[in-house]
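This report describes a structure through its metal sites, its nonpolar interior and selected contacts.

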Amino acid sequence: MSRPTNLQGTMEDLIKVFHRYSAREGDKYKLNKKELKNLLQDELSDFLAGPSDSAVVEKIMCDLDENKDGEVDFQEFVVLVAALTVACNEFFVNSIRPQHDV
Ligand SMILES: [Ca+2]
Ligand SMILES: [Ca+2]
């Protein structure tokens, strides 16, 4: 089987990464606070300021936990990924097209 297109591959990777962390404790399909912290630390430390700070993790957890069950499921997790991707894109667009004075 050939390697899927880049975007498909990226989506598969995203799912794999989520499950690598979510399966560690408790509910296999949800991230508890510790699992979320590990994921942020290991995977997103360049994007997020102070992922090892428990107050930061607490805030992210709170923001993401849409249904307030105290854990982050995949659907809630992709919201974070989407938000970070948008932020990255803005940075990228701004860096290749510098803003002109108005
Ligand atoms: Ca879990
Ligand atoms: Ca939740």
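The sections below take up the calcium sites, the core, a helix pair and one loop residue. The model is predicted.

**Calcium sites**

The donors of the two ions are set out here.

| Ion | Protein donors | Donor distances | Angles among six donor atoms |
|---|---|---|---|
| calcium ion (ligand 1) | Ser22 (O), Glu25 (O), Asp27 (O), Lys30 (O), Glu35 (OE), Glu35 (OE) | 2.3 to 2.6 Å | 52 to 162° |
| calcium ion (ligand 2) | Asp65 (OD), Asn67 (OD1), Asp69 (OD), Glu71 (O), Glu76 (OE), Glu76 (OE) | 2.2 to 2.5 Å | 52 to 157° |

The site of the calcium ion (ligand 1) is irregular, and the site of the calcium ion (ligand 2) is irregular as well. An octahedral site of six donors would need every angle between donors that are not opposite to lie between 65 and 115 degrees; the angles at ligand 1 start at 52°, and those at ligand 2 start at 52°.

Along the chain, the donor residues of ligand 1 are spaced S-x2-E-x1-D-x2-K-x4-E. For ligand 2 the spacing reads D-x1-N-x1-D-x1-E-x4-E.

Among the donors of ligand 1, Glu35 contributes OE atoms and has a relative accessible area of 1%, so this residue is buried, the limit being under 20%. Asp27 binds the calcium ion (ligand 1) through O and is partly exposed at 31%. Asp69, a donor to ligand 2 through OD, has 32% relative accessibility and is likewise partly exposed.

**Core and helix packing**

The largest nonpolar core comprises 17 residues, and Leu31, Leu36 and Leu40 have the most contacts inside it. At least two core residues come from each of α1 (6-22), α2 (33-43), α3 (54-64) and α4 (74-96). The largest share, four residues, is supplied by α3. In soluble globular proteins, nonpolar side chains tend to be buried together.

The axes of α2 and α3 come within 10 Å and cross at roughly 110°. Angles of 65 to 115 degrees count as roughly perpendicular, and the two helices, α2 and α3, are therefore described that way. On the α2 side the contacts involve Lys33, Leu36, Lys37 and Leu40, while α3 brings Val57, Glu58, Ile60 and Met61.

**Tyr29**

Where does Tyr29 lie? Tyr29 is in the loop between α1 and β1 (30-31). Its relative accessibility is 55%; this residue is therefore exposed, since the limit is over 50%. Beyond its neighbours within four places in sequence, Tyr29 is in contact with Phe18, His19, Ser22, Asp73 and Phe74. One of these, Phe18, is 11 residues from Tyr29 in sequence, with 8.5 Å between the C-alpha atoms. Ser22, another of these contacts, is also a donor to the calcium ion (ligand 1).

Key: Residues numbered from 1 in each chain as written. Chains lettered and ligands numbered in written order. Predicted model: local features only at pLDDT ≥ 70, side-chain atom pairs only at ≥ 80, totals over all residues. Heavy atoms only, no water. Donors = N, O, S within 2.8 Å, 3.2 Å for Na, K, Ca; no water. Tetrahedral: all angles 85-135°; square planar, octahedral: opposite > 155°, others 65-115°. Buried < 20%, exposed > 50% of the residue type's maximum accessible area, 1.4 Å probe, protein only. Core = buried A, V, L, I, M, F, W, Y, C linked by side-chain atoms within 4.5 Å. Axes fitted to C-alpha atoms, helices over the stretch in contact; angles between N-to-C directions. Parallel < 35°, antiparallel > 145°, perpendicular 65-115°, else oblique. Contact = heavy atoms within 4.5 Å.
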